[in-house]
Amino acid sequence: MIYNLSLIITFFFLSFFSSNNSSFIESKKHKNKFEHIAKLTAISDVMITSVYQNLNANQFVMPHYESFAAALKGYYKLKEQGMAKKEILTLIDFSLSSNTRRLWVINLATNTILFHSLVAHGRNTGEEFATNFSNKPSSFQSSLGFYITGEVYTGKHGLSLKLDGLEKGVNCNARSRAVVIHGADYVSDSFIKEHKRLGRSQGCPALPNELTLPIINVIKNQSVLFIYHPSRKSVEEIEKLTS
């Protein structure tokens with residue numbers, strides 16, 4: 001009887017120890033995983049800060065850090081997924097006045113700003129400032145978020161570049177809406193001088209005519225375009241990309 005009782009106690013002790021040991025191991029795994037994620041995030045932030053601080057402005061005005069950081073995080077993810085084929089990042093900051101140059105084309109291989117340009121937003125997105133955004137057809141509003149540039153074609157606005165929106169419900173209708181990069185007469189300093197604001201498109205990020213060809217030639221065929229506005233939680237949205 002005593003012998004059987006000892007066996008039962010021993011079995012219970014071993015089972016308890018094994019269960020707690022497994023729980024400890026699982027807990028340690030989760031802790032290590034969270035520490036790894038935190039470490040990667042810290043490395044990412046350090047990298048982004050380093051890239052920004054060492055960016056060759058090429059005599060252009062620098063983009064704001066917040067918009068640049070959001071753009072670069074998304075670029076890294078898309079590059080990792082194999083969706084971005086070029087080391088070119090185009091950033092549009094729609095938190096800025098349309099009377100200022102708020103588009104940057106950046107060569108990340110050389111860490112150099114190549115272009116800094118005026119860019120239009122949609123006529124129903126706002127007057128001088130962009131405030132309202134939509135993914136709906138015929139909304140005549142701009143769409144935020146990440147895009148991959150597509151192919152070049154010649155349309156009613158001349159040389160144009162197709163865009164593929166990557167974010168469901170945010171900009172995924174870009175191609176069917178014919179949201180493209182093209183040149184326009186209303187994107188110019190002379191238009192701003194006459195009308196006190198830049199002209200507006202039907203939702204396209206329209207460029208000055210004289211910069212359309214050189215910019216399109218650089219960013220065409222699967223580079224990253226990011227349209228920023230602080231109204232969106234960009235870091236959270238980046239996590240949804242390609243998922």
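In which helix does asparagine 217 lie? Asparagine 217 lies in helix H4, and I shall return to that helix after a few preliminaries.

Good morning, colleagues. This is a predicted model, in which local features need pLDDT of at least 70 and side-chain atom pairs count only at pLDDT 80 or more, while totals for chains, interfaces and linings use all residues. Residues are numbered from 1 along each chain as its sequence is written, and side-chain values use heavy atoms, with hydrogens and water left out.

Let me begin with helix H4, residues 209-219. Helices here are DSSP runs of H or I with at least four residues, strands are runs of E with at least two, and both are numbered from the N terminus. The buried residues of H4 are Thr212, Ile215, Ile216 and Ile219. Seen down the helix axis, these buried residues fall within an arc of 100°, so they line one face of H4. The arc is taken over the directions from the helix axis to the C-beta atoms. By buried I mean under 20% relative accessible area, by exposed over 50%, and by partly exposed anything in between, with a 1.4 Å probe and protein chains only. As general background, an α-helix has 3.6 residues a turn, so residues three or four places apart point the same way.

Asparagine 217, at 39% relative accessibility, counts as partly exposed. Its C-alpha is 9.3 Å from that of leucine 161, although the two are 56 residues apart in sequence. After H4 comes asparagine 221, with a positive phi near 65°.

I turn to the sheet. Its 8 strands form an open sheet with mixed pairing, in the order E3-E2-E1-E8-E4-E5-E6-E7. Strand E3 (112-117) and strand E7 (207-208) stand at the edges with a single partner strand each, so one side of each has no neighbour in the sheet. Two strands are taken to pair if DSSP finds at least two bridges between them. Strand E4 and strand E5 (residues 158-165) run antiparallel and are joined by 7 bridges. Glycine 155 has glycine 158, in E5, as its bridge partner.

How many salt bridges does the model contain? The count comes to 8, where a salt bridge is a side-chain nitrogen of Lys or Arg within 4 Å of a carboxyl oxygen of Asp or Glu. One of them joins lysine 162 to glutamate 151, at 3.9 Å from N to O. This pair links strand E5, which holds lysine 162, with strand E4, which holds glutamate 151, and the two are 11 residues apart. Lysine 162 is partly exposed at 28% relative accessible area, and glutamate 151 is partly exposed at 34%. A network of salt bridges links Glu151, Lys162, Asp164 and Arg175.

Glutamate 127 deserves a separate mention. Arginine 197 forms a salt bridge with glutamate 127, with the closest N and O atoms 3.1 Å apart. Arginine 197 is in the loop between helix H3 (189-195) and E7, glutamate 127 is in the loop between E3 and E4, and 70 residues separate them. Glutamate 127 also meets arginine 200 in a salt bridge, at 3.4 Å from N to O. That second pair again links distant parts of the chain, 73 residues apart, with arginine 200 in the loop between H3 and E7. Glutamate 127 is partly exposed at 48%, as is arginine 200 at 23%.

Serine 201 lies in the loop between H3 and E7. Is serine 201 buried or exposed? Serine 201 is buried, with a relative accessible area of 3%.

Next, the backbone. Asparagine 58 has a positive phi near 55° and lies in the loop between helix H1 (2-53) and helix H2 (65-80). Serine 138 has a positive phi near 65°; it is in the loop between E3 and E4 and is exposed at 67%. In general, most residues other than glycine have a negative phi.

Finally, the second largest pocket holds about 360 Å³ of space. Of its 19 lining residues, the closest to its centre are Lys156, His157, Ala178, Gln202 and Cys204. Strand E4 (145-155) and strand E6 (180-184) are the elements that give two or more residues to this lining. A pocket is an open set of points on a 1 Å grid over the protein atoms alone, where a 1.4 Å probe fits, with protein on both sides within 12 Å along at least five of seven lines; lining residues have an atom within 4 Å of a point. The volume is the space filled by probe spheres set on the points, which are joined across faces, edges and corners. Thank you.
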